[in-house]
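Reader: I am new to this structure and should be grateful for a close look at its nonpolar interior. Please begin there, and then set that part beside the other side-chain contacts.

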Amino acid sequence: MQNGRPAAGIGIFQLPEANAIAVAQAVNTKMQELSNSFPQGLEYHVPFDTTKFVEASIDEVYVTLIEAGVLVLIVILVFLQDWRAMLVPATTVPVTIIGAFAAMAALGFTVNLSTLFAIVLAIGIVVDDAIVIVEGVARHIEAGMSGRQAAEKAMEELLGPVIGITLVLMAVFIPAAFLPGLTGQLYRQFALVIAATALISAINAVTLKPTQCALWLRPPVPPEKRNVFYRGFNRVYDKGERGYAGLIGSMTRHAGVMAIAAIVLIGVAVWGLTRLPTAFLPIEDQGYVLISAQLPDGASKERTDAVMNEVGKIAEATPGVDQVLTISGISVLDNNASLQNAGVAYVVLKDWDERGKQKGQDLLSIYQHLNGALQSVLAAKTLVVVPPPIQGVGNASGFTMQVEIKNGISDYPLLQSLADTIVKNGSAQSSLQRLSTPFRSNVPQLAVSVDRIKAETLGVTVGQVFSALSGYVGSSYVTQFNKFGRTFQVYAQAASDFRVSPDDIRNLKVKAGDGTMVPLSTVVDVTTTQGPSLISLYNLYPSATIVGGPAAGFSSGQSLDVMEQIADRTLPPGAGFEWTALSYQEKAVGGQIYFVFALAILLVYFVLAGQYESWILPLAVILAVPLALLGTVAALTAAGVANNLYTQIGLILLIALASKNAILIVEYAREKRAEGMEILDAAVEAARLRFRPILMTSFAFILGVLPLVLATGAGASARKSIGISVFSGMIASTCLAVLFVPSFYVLLQRLEEYWKGRIKTAAVADAEMPKVQ
């Protein structure tokens, strides 16, 4: 039924490697063509289309892409205060995006949420190199150099940092690109697109950007002749820079104490990260929900139809609902298996923009309203089901557990008892909600036993008995005929009045060997019994499905842990459980992110060790990375967001971003030290000189991801998760890294020089020792 009207549904699913949106467009085009030949009174609708969510999500990301680009350019203009200088990094964005799409085509990736997220975040990343170069060239032009001389001088200073930042960005994502399974697919597309954009941006920065700077930049307008906004900004910035330089000078003089303080903060950040609740993917508003209904055991199809009509009317009256499609005879919690006493309603919601303008029409409000309104349905158990974040991975969000009998005995009453006990114990937990199991082992059934000896005496084969039962009670294909230019199939079945009771089965007739019709009661014995309506095997074990979800304020990871504890206490020897659908994927990920995080940091260390030709100095960069976790942990805790797959992608990205700020300071301090400047002076000078480009690049990225933090509409949960993660982490990195990295440099530079001095002294002593003849 569709909106209370009889309808016949056609389910269309894409083949592997097919594009969902292209399939939907082709189907719509074909249906429009076929509808021209429909008879009068027949029309078609597409009430349920999962690609609408995909298209809406992609459109939202495109809007975010534009917003991010505009905000990044505003930051550049405010800091550089020259529209010519702004144009240099502005031209980086389209060049890099075009290159990113070319890389996606070469890698076989499609335009999807993962790749578009990568491009949105790449906007704030790819302009970094250009900003650093423009700032360096502008500073030298302001000092009196020509455009060409300034570009050459800036590239002498900045080629090393640009190469280092690019190598770090690419190294960070290499481990994530090789993860297996579904998680690896999500990581891989994001990681490789970011790495490709970083490489393109670096090539662009060291070739085209110096040329543009030399040709486009002019001596700046004197500060006193700039507009009121710029003069006010410069006063605030100059005061902040002087205060920052003074603070760094004080901190570097107590570098050991500062390093201890930073290590304490790192310990707090790591501890906080391990305490965050975990999840796999956030629940998304995909534009529809499901309502599962299950009547008492043995209920007829007619009763199921009546209940589904009642459910459909309740759903239609819910604010924010567009269409309702009800199907009887399907159990959505049993992988859409046929079951006469079960049904499902597909509740299609109005467009996201339309619901966003109305209060109480968000996914949570509709979910709560339906749960309350469906309490009036007394003839069936109803359950409102939110679809899984990834289509095809299970039928519902939340968790899905399979309770199994593993001792080789198909004891279905025991399986029912175990499943019911787990559901009962789980429902008593404050961290879980709406637990249920569709498994039923005591469904009324009829057992038909054939007296084979008597049947053989009468000339009736066992096959004839079974054929008569399946044909009369079920149905059987008879023939087909052509009419009106179409082919119609004919199925035979006993009328409903003749298959109501066990006596009706006994009165059914089958042809004997002598041609007479013999009642089935002559050769069969019909008795009542009980058994499961559906027999499910999971990994070849008899299993019962248990579904549920975390209560408000709890994550899916916490709910899985609680369910495992309940199952361990409840299940006897010979029984067990396994996770399936999204729960299986979440458990498979496990602590994978921590290994990826550690390996990414290790690769960054190796890259910097090769560039600096030192095993000690790269630690000044590496120690700045965990400081960014403080912001992420604090923001996720305050917002109540779990540490899910998207936040973990953000954490990996933070490794590169936090390293970038530290590299700018350490690289310049190394150069000044090589020129003979004292360690403390080199650290302070590097911090002061790199303060403006660090703030520019950091604010450009922070404001570039701000639209993700404030996202609404389709796919908002994913965008918020990754946005909050990198937004807060980058703020913490910007505030803390610029403070502690100079102290790290001072401490580690002294250690390195001390170590090299010892080695040199030992070598000289060995050379001066007299040789023994």
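Author: The account below begins with the nonpolar interior and then turns to other contacts and to the surface.

This is a predicted model, in which local features need pLDDT of at least 70 and side-chain atom pairs count only at pLDDT 80 or more, while totals for chains, interfaces and linings use all residues. Residues are numbered from 1 along each chain as its sequence is written, and side-chain values use heavy atoms, with hydrogens and water left out.

The largest nonpolar core has 147 residues. Such a core is a set of buried Ala, Val, Leu, Ile, Met, Phe, Trp, Tyr and Cys residues joined through side-chain atoms within 4.5 Å. Here buried means under 20% relative accessible area, exposed means over 50%, and partly exposed lies in between (1.4 Å probe, protein chains only). Within this core, the residues with the most contacts are Leu121, Val137, Val172, Phe173, Phe190 and Phe701. Helix 22, residues 645-674, gives the most to the core, with 18 residues. Helices (H or I, at least four residues) and strands (E, at least two) are DSSP runs, numbered from the N terminus. In soluble globular proteins, nonpolar side chains tend to be buried together.

Phenylalanine 190 allows a closer view of this core. Residues up to four places away in sequence being left out, it touches Ser114, Phe117, Ala118, Leu121, Phe173, Ile649 and Ile722; contact means heavy atoms within 4.5 Å. Two of these partners, Leu121 and Phe173, are also listed among the residues with the most contacts in the core. A second, separate core has 24 residues, including Ile291, Met308, Val347 and Ala380.

Burial is also found at residues of other kinds. Threonine 304, in helix 10 (residues 301-316), is buried, with a relative accessible area of 0%. Apart from residues up to four places away in sequence, threonine 304 touches Leu295, Ser328, Gly329, Gln340, Asn341, Ala342 and Gly343. Glycine 320 sits in the loop between helix 10 and strand 2 (321-331), and its relative accessible area of 2% makes it buried. With neighbours within four places in sequence set aside, glycine 320 is in contact with Leu349, Lys350, Arg355, Gln361 and Ile366.

Aromatic rings supply another kind of contact. The whole structure contains 14 aromatic pairs. Rings of Phe, Tyr and Trp (its six-membered ring) pair if their centres lie within 6.5 Å; planes under 30 degrees apart count as stacked, over 60 as edge-to-face and the rest as tilted. Tyrosine 477 and tyrosine 491 form an edge-to-face pair, 5.7 Å centre to centre with 65° between the planes. Tyrosine 477 belongs to strand 8 (residues 476-483) and tyrosine 491 to strand 9 (residues 486-492), so the pair ties together parts that are 14 residues apart in sequence. Phe233, Tyr237, Tyr244 and Phe691 form one aromatic cluster.

Charged side chains meet in 15 salt bridges, each a side-chain nitrogen of Lys or Arg within 4 Å of a carboxyl oxygen of Asp or Glu. Helix 22, already met in the core, holds arginine 670 and glutamate 667, 3 residues apart and so separated by about one helical turn. Their closest N and O atoms are 3.6 Å apart. Arginine 670 is partly exposed, with a relative accessible area of 24%, whereas glutamate 667 counts as buried at 8%. Aspartate 561 and lysine 587 also form a salt bridge, at 3.9 Å from N to O. Aspartate 561 lies in helix 17 (residues 556-570) and lysine 587 in helix 18 (residues 581-589), so this pair ties together parts that are 26 residues apart in sequence. Glu241, Glu685 and Arg688 are linked in a network of salt bridges.

Nonpolar residues also appear at the surface. Leu159, Ile163, Leu167 and Val206 make a nonpolar surface patch of about 280 Å². Patches consist of residues with over 30% relative accessible area and no salt bridge, like charges being joined within 9 Å and nonpolar side chains (Val, Leu, Ile, Met, Phe, Trp, Tyr) within 5 Å. Helix 6 (residues 147-177) gives the most to this patch, with 3 residues. Leucine 167 lies in helix 6 and counts as partly exposed at 39% relative accessibility.

Terms used. Areas by Shrake-Rupley, 256 points an atom, 1.4 Å probe, with all protein chains shown as cover.
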